[in-house]
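Student: Hi, could you walk me through this structure? I'm new to reading these.

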Amino acid sequence: MRDKRLQQGAARAVAPWRGDSRARRDHFVRVFAERMLADEGTGVMLVDADYRIVEANPMASAIFGGDRFSWEGQPADVWAEELGVVLPFGRSILQGESFRNRKVAWTRDGVSREVVVDGDALVSGGQVIGAYMLFHDVTPWMMLEEQVRRSDRLKMIGQVAAGTAHEIRNPLTAIKGFVQLMKKSFDERQMGKEQNYANIVLSELDRVQELVGEFLLLSKSKETKLSSLRIGAVMREMLPMLRNEATLHDITVRYESKPDLPPVLADKEMLKQVILNLGKNAIEAMGKGGRLLIRERHSDAALPGYVSVDISDTGSGIPPHTLERIFDPFYTTKENGTGLGLSICQRIVHDLGGEIGVESSADGTVFTVSIPSVSSDPGIQSSGGGALPHDDV
Ligand SMILES: Nc1ncnc2c1ncn2[C@@H]1O[C@H](COP(=O)(O)OP(=O)(O)OP(=O)(O)O)[C@@H](O)[C@H]1O
Ligand SMILES: [Mg+2]
């Protein structure tokens, strides 16, 4: 498309070259200017000496939204105000205050955008006749930068978590041992009140120990013990636990197996933890009443050879602007949450070579875990077959 346009431009340029070199130059500049205005990668805006918009190219309206033809004649500052954009320059550009790489950031229809602008005055015959602004949409680069920053942050959190967890674990073992001894001696002396205190201390220590365990799981890629197993086998062990929890909240649990699916290659304990965390989140999102549906299926075409499990709830959903943060460690909206559940799930699923995704609306949320399946290799034994039948509570 672009090449074709260039060729057309070149063909048009041939005739006027002969003779007058000034005309030839002018023609070149005009063709170049037209080409710049049609450019799909750069937004162009021209203003006159009164700071009124003379021209805006299609890219400018693609960046800022709105109808570029209706902008003509409008002062640039009024135009910016109407669009809710704070421009990093002003009428001083007409006094020759040129600039480069100034950032403009704003949000339109819930989508954040970032643009860098270059600008300078246009001078003709010693007079400022207006100014130009060139806009480059850098949103994709900014998103990439944010991703790198996030992954650096995750790595750092991982390292700090590993170090801290390691240091906490040793004294914790000693504290627990001595409290157990104290409890024993309270028992022997039948000191009921002190026994109670010791029990409370021990159960709180268990909580700390559990948390430290989660830290370590998050920070280190634990050695995975891969074996061929069926999702049904994992579900058989997890369903009673999930059902207990669900019943307390009047939530029904339905499990839809697909017996003809191949087994997956995974670490059973880790997969159990993923299902548990996602199931717990689903139940917590529903409050009282609702339905938790766990469904096995072949993965979408984008992941051939994978098996997927959808965990859907009828909860309140996740607002779009928080969707990208839910996998961050310590991101939680719950009073007693640690915010580690999903980051652990993500780590485990990635360690298994799989993917985890989420879709959410006001009607509820679906988390999808996709794990590589075992190719029909007769050498690999699958453990614990038996998908369960469709199953409601
Ligand atoms: N099914 C869901 N529906 C709605 N929001 C969810 C769902 N799953 C996760 N979330 C949101 O993502 C956040 C992070 O979840 P994550 O499991 O990492 O931590 P948590 O559940 O808050 O704490 P923890 O898992 O440590 O108890 C939750 O606080 C919640 O806001
Ligand atoms: Mg959770």
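Tutor: Happy to; we can talk about confidence, then strands, then the ligand. Keep in mind that this is a predicted model.

Student: Okay, what does the protein chain average in pLDDT?

Tutor: The average is 84, and 89% of the residues score at least 70.

Student: And where does pLDDT stay under 50?

Tutor: One such stretch is residues 1-13, for which the model has five contacts beyond four places in sequence. Another is residues 376-393, with 42 contacts of that kind in the model. Where pLDDT is low, the predicted coordinates should not be read in detail.

Student: Got it. New topic: how do β7 and β9 run, parallel or antiparallel?

Tutor: Strand β7 (residues 251-256) and strand β9 (residues 290-298) run parallel, joined by six bridges. Within that pairing, valine 253 stands opposite leucine 292 in β9.

Student: And what about β9 and β10, parallel or antiparallel?

Tutor: Those two are antiparallel, with six bridges between β9 and β10 (residues 306-313). Here isoleucine 294 faces isoleucine 311 of β10 as its opposite number.

Student: Switching again: how many residues surround ligand 1?

Tutor: There are 20, and the closest are Ala285, Thr332, Gly337, Gly341 and Leu342.

Student: Which helix gives the largest share of that shell?

Tutor: That is α9, with four residues. Both α9 (268-286) and α11 (341-351) supply at least two residues each.

Student: What's the shell like by class?

Tutor: Around ligand 1 you'll find eleven polar, seven nonpolar and two charged residues.

Conventions:
Residues are numbered from 1 along each chain as its sequence is written. Chains are lettered from A and ligands numbered from 1 in the order in which they are written. This is a predicted model: local features need pLDDT of at least 70, side-chain atom pairs count only at pLDDT 80 or more; totals for chains, interfaces and linings use all residues. Two strands pair if DSSP finds at least two bridges between them. A residue is near a molecule or strand if its C-beta atom, placed from the backbone, lies within 6 Å of it. Ala, Val, Leu, Ile, Met, Phe, Trp, Tyr, Cys and Pro count as nonpolar, Asp, Glu, Lys and Arg as charged, and the others, Gly among them, as polar. pLDDT is the predictor's confidence in each residue, from 0 to 100. Two residues are in contact if their C-beta atoms, placed from the backbone, lie within 7 Å.
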